[in-house]
Amino acid sequence: QVQLVESGGGLVQAGGSLRLSCVASGSIFSINTMAWYRQAPGKQRELVARINSAGMTNYADSVKGRFTISRDNAKNTVFLQMNSLKPEDTAVYYCQRTYPGVYWGQGTQVTVSS
């Protein structure tokens with residue numbers, strides 16, 4: 001059974017940084033495409049960043065240049081380094097295994113104060 005466990009969320013002032021982690025179990029992590037999504041109150045869940053098994057990445061326009069997705073296959077972990085955070089980045093951040101088969105983590109709250 002695939003399980004995804006996020007950590008690293010919290011409260012930070014605007015301009016600050018956070019690093020989210022997502023540990024995956026129950027699958028061959030190295031072949032997985034992994035992604036981070038976020039959902040702000042009253043808004044739809046949106047893709048933040050994605051990384052495939054070859055390390056190719058793509059980002060939402062709103063986070064390009066500020067966020068970096070990476071992975072450590074030896075630790076079955078995907079990371080999201082978030083720099084220059086803005087209040088509009090406030091949301092619950094979810095880890096997703098995109099391929100093969102979609103699975104979600106439970107989410108971690110990120111709150112950016114102005």
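Here is a short back-and-forth about the predicted model above.

Me: Before we dig in, what kind of model is this, and how are residues numbered?
Reply: This is a predicted model, where local features need pLDDT of at least 70, side-chain atom pairs count only at pLDDT 80 or more, and totals for chains, interfaces and linings use all residues. Side-chain values use heavy atoms, with hydrogens and water left out, and residues are numbered from 1 along each chain as its sequence is written.

Me: Okay, the core. Which strand gives the most to the largest nonpolar core?
Reply: A nonpolar core here is a set of buried Ala, Val, Leu, Ile, Met, Phe, Trp, Tyr and Cys residues joined through side-chain atoms within 4.5 Å. The largest one has 27 residues, and W36, V78, L80, M82 and Y93 have the most contacts inside it. At least two residues each come from β3 (18–25), β4 (33–39), β5, β7, β8 (77–82), β9 (91–99) and β11 (108–113), strands being DSSP E runs of at least two residues, numbered from the N terminus. The top contributor, with 4 residues, is β3.

Me: Y93 is on that list. Is Y93 buried or exposed?
Reply: Y93 is found in strand β9. Buried means under 20% relative accessible area, exposed over 50%, and partly exposed in between, with a 1.4 Å probe and protein chains only. Because its relative accessible area is 0%, Y93 is buried.

Me: And which side chain does the side chain of Y93 join in a polar contact?
Reply: Y93 touches a good list of residues beyond four places in sequence, among them E6, W36, R38, L80, M82 and V110, where a contact means heavy atoms within 4.5 Å. A polar contact is a pair of N or O atoms within 3.5 Å; within protein, one must be able to donate a hydrogen and the other to accept it, and residues adjacent in sequence count only if both atoms are side-chain atoms. The backbone oxygen of D89 lies 2.6 Å from a polar atom of the Y93 side chain. The side-chain partner, at 2.9 Å, is R38.

Me: R38 and D89 make me curious about pockets. How many charged residues are in the lining of the largest pocket?
Reply: On a 1 Å grid over the protein atoms alone, a pocket is an open set of points where a 1.4 Å probe fits, with protein on both sides within 12 Å along at least five of seven lines; lining residues have an atom within 4 Å of a point. The largest pocket holds about 200 Å³ of space, and of its 13 lining residues, R38, K43, E46, E88 and D89 are the closest to its centre. Asp, Glu, Lys and Arg count as charged. The lining divides into 2 nonpolar and 4 polar residues, and the charged count is 7.

Me: D89 also touches R66, right where I'd like to look next. Why does R66 count as buried?
Reply: R66 is found in the loop between β6 (57–59) and β7 (67–72). Leaving out residues up to four places away, R66 touches Q81, M82, N83, S84, L85, K86 and D89. R66 counts as buried because its relative accessible area is 10%.

Me: How far apart are the C-alpha atoms of A35 and S70?
Reply: A35 lies in strand β4, and A35 is buried, with a relative accessible area of 0%. Its contacts beyond four places in sequence include A49, I69 and C95. A35 and S70 are 35 residues apart in sequence, while their C-alpha separation is 9.8 Å.

Me: Which backbone oxygen lies 2.7 Å from a polar atom of the T77 side chain?
Reply: T77 is found in strand β8 and is buried at 6% relative accessibility. Its contacts beyond four places in sequence include S21, C22 and F29. The backbone oxygen in question belongs to K75.

Me: Any backbone oddities? What is phi of N76, and what is omega between Y99 and P100?
Reply: N76, in the loop between β7 and β8, is partly exposed at 27% relative accessibility. Phi of N76 is near 50°, a positive value in a residue other than glycine. P100 is found in the loop between β9 and β10 (103–104), and the peptide bond joining Y99 and P100 is cis, with omega about -10°.

How values were computed
Grid points are joined across faces, edges and corners, and a volume is the space filled by probe spheres set on the points.
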